[in-house]
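Student: Could we go through the pockets, cavities and one sheet of this model together?
Tutor: Gladly; let's set each value against its definition.

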Amino acid sequence: MKSKIIIALIGSVLVSCSAKLDTSSKKKSTSVFPFKMPTEKPNISLSTSSERMFEYSTPRVQDNELFSQFKYTRLKGFDYNNGDGTISRRDPSRPILVNGKYYIWYTKRHTTVPPIGWDRAAEATDVIPSTDWDLCDIWYATSTDGITWEEKGVAVSRPAKPQSGWRSVATPDILVWKGKYYLYYQAFDEPSGLRGDLCPVSVSYSDSPDGPWIHGGDKVIPFGKEGEWDQNATHDPHPIVYKGKIYIYYKAAYNKWPNDRSHYAVGHGVVIGEDPLGPFKKHPLNPVMQSGHETTYFPFKGGVAALAIKDGNERETMQYSEDGVNFKIAAGLSLTPTAAAPFCPDAFTNSGNGRGFTWGLCHFVNAGTPQKSYSIMARFDCDLSLDYNEPAFKDTGVWHRPEVYFAQGVESIYEHPEGRGVKKK
Ligand code: AAL
């Protein structure tokens, strides 16, 4: 009996010792976040930020295929009348490569005077533009290197009044579908700013990127009903081919200006169709993106990636969705291209394995002064491609000279149209 008790006691001491040993060894190896950054989520309690770290494709941003810096190059071949505000080029389409030449389409304004501003739209005339994208036509240019461009002429001009777009046609993007070319663009029937930036989307098509372009229809992206998020405006049509169908992403602004301009915000939706001339059906989950301004979407791996700039809580991010609809932040970005139009050879090929891009065009809307306002187009380069690896584009430091920051002087706050004009002491 005595020996049995002793054996039981020794046994329980051993068990408790080994249990203690177990716990302490567990603690040692896994309770503190490791020095070598893990590539998979460690099995320990994590802060919210550490949890989120493993929701990205790679925890280290430099390894993230959807992270890049952007480097800019001035384009050659475009004349801007010495910057007097009478010539403007903006909102380029994505470049496409046809027979060894890149083609782009864009908004061109060539007016006798610079725009007077959306807040003075009531004073606009047949020759005085309200905004930079008022009284415009769609022009095109070609290039062999993406830097030096030859302006070829008008692709789609304003039709006669009262046809849709008689006031201005602007912000085009291109689709290549079954050997034909389709241009989607905003068609204005009044000076932008009069009752808002109100316009529907029209489409023209051609057998050749050099035209001629045939009018294919108006209001191809239907407006929402009164009270719906996309009533009265469908901007920035941006087509890709995905899952064998045409997906056209577009933008609309909430709380339309000028009525409630102070609560301006944008949302983005997608319409899906099988015929480029329509009909297109809105996705029931629209808006599919609540951040970003000019929309930039591209097939990436099996899904769709999007560059969200300027507006919204998730501004300046790259986003990714497995299904072209449900987007999540994939990377934070800086110095992003405005109205980015990337060269994506697989934008329309329905490959199911999007490869991304290394360059594209964008615009700068403040090339002139407020009295002589105009926009210029530019080129950006980056590494957002699965087939290219340039570590220099993955650097996280974007260092501007102090002048760049000082150019954003606090005085601009006092001059802001919605500023209260109260100087801080
Ligand atoms: C751009 C785009 C659309 C708007 C205007 C011209 O930033 O969002 O094209 O209508 O501004």
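Tutor: This is a predicted model. We begin with a term: a pocket is an open set of grid points with protein on both sides within 12 Å along at least five of seven lines.

Student: What volume does the second largest pocket have, and what makes a residue part of its lining?
Tutor: The second largest pocket holds about 420 Å³ of space. A lining residue has an atom within 4 Å of a point, and 19 residues line this pocket, with Glu55, Ser57, Tyr320, Ile329 and Ala330 the closest to its centre. Strand β18 (328-332) contributes the most, three residues.

Student: Why is the other kind of space called a cavity?
Tutor: Because a 1.4 Å probe fits there but cannot get out. By this rule there are two cavities of 30 Å³ or more. The largest cavity has about 120 Å³, and Pro92, Asp173, Asp236, His238 and Thr295 are nearest its centre among 14 lining residues. Both β7 (168-177) and β11 give two or more residues to that lining.

Student: How do you know that β12 and β13 pair?
Tutor: Pairing needs at least two bridges. Strands β12 (residues 245-254) and β13 (residues 265-273) have nine, in the antiparallel sense, so by that definition they pair. Ile246 stands opposite Gly273 in β13.

Student: What makes β11 and β14 edge strands?
Tutor: The open sheet runs β11-β12-β13-β14. Strands β11 (235-242) and β14 (281-282) each have a single partner, so one side of each lacks a neighbour in the sheet.

Conventions. Residues are numbered from 1 along each chain as its sequence is written. This is a predicted model: local features need pLDDT of at least 70, side-chain atom pairs count only at pLDDT 80 or more; totals for chains, interfaces and linings use all residues. Side-chain values use heavy atoms; hydrogens and water are left out. On a 1 Å grid over the protein atoms alone, a cavity is a set of points where a 1.4 Å probe fits but cannot get out, and a pocket is an open set with protein on both sides within 12 Å along at least five of seven lines; lining residues have an atom within 4 Å of a point. Grid points are joined across faces, edges and corners, and a volume is the space filled by probe spheres set on the points. Helices (H or I, at least four residues) and strands (E, at least two) are DSSP runs, numbered from the N terminus.
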